[in-house]
Amino acid sequence: MSFERTLLITGVSSGFGRALAQEALAAGHRVIGTVRSEQAKQDFEALAPDRAVGRLLDVTDFDAIDGVVAEIESTVGPIDVLVNNAGYGHEGVMEESPLAEMRRQFDVNVFGAVAMMKAVLPGMRARRKGHILNITSMGGFITMPGIAYYCGSKFALEGISETLAKEVKSFGIAVTAVAPGSFRTDWAGRSMARTPRSIADYDALFDPIRRAREEKSGKQLGDPLKAARAMLAVIESDAPPVHLLLGSDALGLVRDKLTALADEISQWETLTRSTDG
Ligand code: NAP
C-alpha cells in the first residue's frame, strides 16, 4: 500500500460494498460507508471503531447528498476515493414492467451515482486528485432477456463514467467503471425487484431465466472478497483503468459480445458508408 486513503463507499450493508469496506479497513484505509438503517450503521462502525464511519443515506434522496458529502469532508476529512456501489437489479420482461420500475432503477443506479459524483468533484478538483469507482456490471456491456431496465441503467453508468474520465483526467482525477460478472451477494436475493408475470407469450422465453436466477442465487461463481481485493489493487494503482471486468464469466461474455458487434458492423459496412456526402 502506497499510503492510507479515505474512501466513501455507498451501500456497505452487504455484498461488494461490505467486502470492499472490510478489505480497505484491513489494508489500513479509512472508510465512510453509507447505509439505510441505524442498525446497519452500528454494525458497520463495529468493524473498526476508529476508522469505519457510517452515514445514513438513500442515494435517491438527491437533495440530501451535497450536505452529507460536505459534512463528511468537514468532520472526517477529504474524500480520496468515491465508490458508487449502491444499486440493485430490476428483473422483468420489458413489456410487462411498469415505467415506474424503470424510473426507480435509474434513480438508484444512475441518478444516485451521478449525484454522488457531482458532490465529491468540487473537492477533488480543488485538491487536483481523486478516484471515482462506479460499480456497473457485465450487464453494462451484454444483455439478456428480462433485465432491460437493469442493463439500460448499467449501460448508462458505463457511458457516463467513460465520459467523465475524459473530462477530469487533466485535474488528476481517475474514473474507473468496474463491471462484475455474477457474484455471491444479495443482488439476486433480497435486493432484487421482480415484476410479476402477466403476458403468456413470454412464458417460454422468460420463465426458465427467472427460475435459473433464483436457483443460482448464493451459488454464483464470483467471490465478493476477491472482487474487493481487485478493486483495492485498482485504487492503489498509479495508472488505473477506465474499465475493469471482474470474473471469468464477464470476461468471456463481454469478449463474445465485442466480437459479435465487430462482425455485425463489418457485415453492414457498405450500407453504413453509403450515407456520407
Ligand atoms: P447487495 O448485497 O444487494 O448490496 C446492495 C447494496 O446497495 C446494499 O448495501 C443496499 O443497501 C444498497 N442500496 C440499494 N439501494 C440503495 C439506495 N437507494 N440507497 C442507498 N443504498 C442502496 O448487492 P451487490 O451485488 O453487492 O450490489 C452492489 C452493486 O454491484 C450494485 O450496483 C449491483 O448492481 C452491482 N453488481 C452486482 C453483481 C452481482 O452479481 N452481485 C454483478 C454486477 C454488478 P440496503 O441493505 O439498505 O438495501
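**Exercise 1. Work out how far strand S6 is enclosed, and by what.**

*Solution.* Start with burial. All six residues of strand S6 (residues 130-135) are buried, so the strand is largely enclosed by the rest of the structure. Here, buried means under 20% relative accessible area, exposed means over 50%, and partly exposed lies in between (1.4 Å probe, protein chains only). Strands are DSSP runs of E with at least two residues, helices are runs of H or I with at least four, and both are numbered from the N terminus.

Next, look at the two faces. Gly130, Ile132 and Asn134 are buried on one side, while His131, Leu133 and Ile135 are buried on the other.

Then turn to the neighbours in the sheet. Strand S4 (residues 81-84) pairs with S6 in the parallel sense over four bridges; two strands pair if DSSP finds at least two bridges between them. Strand S7 (residues 173-180) also runs parallel to S6, joined to it by six bridges. Ile132 makes a handy landmark: Leu82 stands opposite it, and so does Val175 in S7. Further along, Ile135 has Val178 of S7 as its bridge partner.

Finally, follow the chain. S6, helix H5 (residues 148-168) and S7 form a right-handed β-α-β unit. A crossover is right-handed if, with the strands pointing away from the viewer, the path from the first strand over the helix to the second runs clockwise.

A word on the model before you go on: it is predicted, so local features need pLDDT of at least 70 and side-chain atom pairs count only at pLDDT 80 or more, while totals for chains, interfaces and linings use all residues. Residues are numbered from 1 along each chain as its sequence is written, and side-chain values use heavy atoms, with hydrogens and water left out.

**Exercise 2. Place the strands in their sheet and find the helices that pack on it.**

*Solution.* Begin with the order. Seven strands form an open sheet, S3-S2-S1-S4-S6-S7-S9, with parallel pairing. Strand S3 (52-56) and strand S9 (243-246) are at the edges with a single partner strand each, so one side of each has no neighbour in the sheet. From one strand to the next, the twist averages 20°. For angles, axes are lines fitted to C-alpha atoms, for helices over the stretch in contact, and the values run from 0 to 180 degrees between N-to-C directions.

Now add the helices. Helix H3 (residues 62-75) lies across strand S1 (6-10), strand S2 (30-35) and S3, at about 155° to S3. Helix H7 (residues 224-235) touches S1, S4, S6, S7 and S9, and its direction makes about 150° with that of S6. Contact means heavy atoms within 4.5 Å.

**Exercise 3. Trace the chain from S1 to S3 and describe the setting of Arg55.**

*Solution.* First, S1, helix H1 (residues 15-26) and S2 make a right-handed β-α-β unit. The chain then crosses from S2 through helix H2 (residues 38-45) to S3, again with a right-handed crossover.

Second, check the pairing. S1 and S2 are parallel over five bridges, with Leu8 opposite Ile32. Five bridges also join S2 to S3, where Thr34 stands opposite Arg55.

Third, zoom in on Arg55. This residue sits in strand S3 and is buried, with a relative accessible area of 19%. Its side chain makes a polar contact of 2.8 Å with the side chain of Glu71. A polar contact is a pair of N or O atoms within 3.5 Å; within protein, one must be able to donate a hydrogen and the other to accept it, and residues adjacent in sequence count only if both atoms are side-chain atoms.

**Exercise 4. Find the residues that surround the ligand and the atoms facing its oxygens.**

*Solution.* Take the surroundings first: 29 residues surround the ligand, each with a heavy atom within 4 Å of it. The closest are Ser13, Ser14, Tyr150, Thr185 and Ser191.

Now go through the distances. An N or O atom in the side chain of Thr185 is 2.6 Å from a ligand oxygen. Polar backbone atoms also come in: one of Phe183 is 2.9 Å from an oxygen atom of the ligand, and one of Asp186 is 3.1 Å from an oxygen atom of the ligand.
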